[in-house]
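Open the model in your viewer and keep the selection panel at hand. The tour goes from single side-chain pairs out to the whole chain.

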Amino acid sequence: MKQITLMDVKQALKDHRFRETLPLELNEDVAKYLQNPGCACNMPIYRRILQNASAQLKTYFPGREVSDVNE
């Protein structure tokens, strides 16, 4: 089964519908991402989303599994 990667998280964050489904504790991270979406400094945010919003990612990317954050 295809994995959901950090780059997939970056793609999903561009969609306001996905952002609305994220847990409230990630709102601060999402706000930082929106200030500078192209910055490489967002990698920790992508990792936190992989860890804390795996259900939302699986819904957004049906038929795919969340990859190991450490990869």
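**Stop 1: Arg-64 and Asp-8**

Select Arg-64 and Asp-8. Their side chains form a salt bridge, with N to O at 2.6 Å. This pair joins distant parts of the chain, 56 residues apart. Arg-64 sits in the loop between α5 (54-60) and β2 (65-66), while Asp-8 belongs to helix α1 (residues 6-13). Keep in mind that this is a predicted model.

Now show the surface. Are these two residues buried or exposed? Arg-64 has 17% relative accessibility, so it counts as buried under the 20% cut-off. Asp-8 is buried as well, with a relative accessible area of 11%.

**Stop 2: Arg-48 and Asp-29**

Select Arg-48 and Asp-29 next. Here the side chains meet in a salt bridge at 2.7 Å, N to O. Arg-48 is in helix α4 (residues 43-52) and Asp-29 in helix α3 (residues 27-35), so the bridge ties together parts 19 residues apart in sequence.

Check the cover on each partner. Asp-29 is buried, at 8% relative accessible area. Arg-48 is partly exposed, at 32%.

**Stop 3: Lys-58 and Glu-65**

Move on to Lys-58 and Glu-65. Their side chains make a salt bridge with an N to O distance of 3.7 Å. Lys-58 is partly exposed, with a relative accessible area of 38%. Glu-65 also counts as partly exposed, at 34% relative accessibility.

How many salt bridges are there by this rule? The count comes to five.

**Stop 4: the charges**

Select the charged side chains. The protein has 10 positive and 9 negative charges. The mean positions of the two sets lie 6 Å apart.

**Stop 5: the fold**

Switch to cartoon and colour by secondary structure. You should find five helices and two strands. Trace the chain along the sequence: the pattern reads β-α-α-α-α-α-β.

Turn on contacts between residues at least 6 apart in sequence. Of these, 61% join residues at least 24 apart.

**Stop 6: the whole chain**

Zoom out and show the C-alpha trace. Along its principal axes it spans about 35 × 25 × 20 Å. How does the radius of gyration fit a compact globule, and what is its value? The protein has 11 Å, which agrees with the value near 11 Å for a compact globule of 71 residues.

Finish with the full surface. About 4400 Å² is exposed, and carbon and sulfur atoms supply 50% of it. Of the 71 residues, 38% count as buried.

How values were computed
Residues numbered from 1 in each chain as written. Predicted model: local features only at pLDDT ≥ 70, side-chain atom pairs only at ≥ 80, totals over all residues. Heavy atoms only, no water. Helix = DSSP H or I, 4+ residues; strand = E, 2+ residues; numbered from the N terminus. Rg over C-alpha atoms; globule rule 2.2 N^0.38 Å. Buried < 20%, exposed > 50% of the residue type's maximum accessible area, 1.4 Å probe, protein only. Contact = heavy atoms within 4.5 Å. Areas by Shrake-Rupley, 256 points an atom, 1.4 Å probe, with all protein chains shown as cover. Lys, Arg positive; Asp, Glu negative; His and termini not counted. Charge placed at Lys NZ, Arg CZ, Asp CG, Glu CD. Salt bridge = Lys/Arg side-chain N within 4 Å of Asp/Glu carboxyl O.
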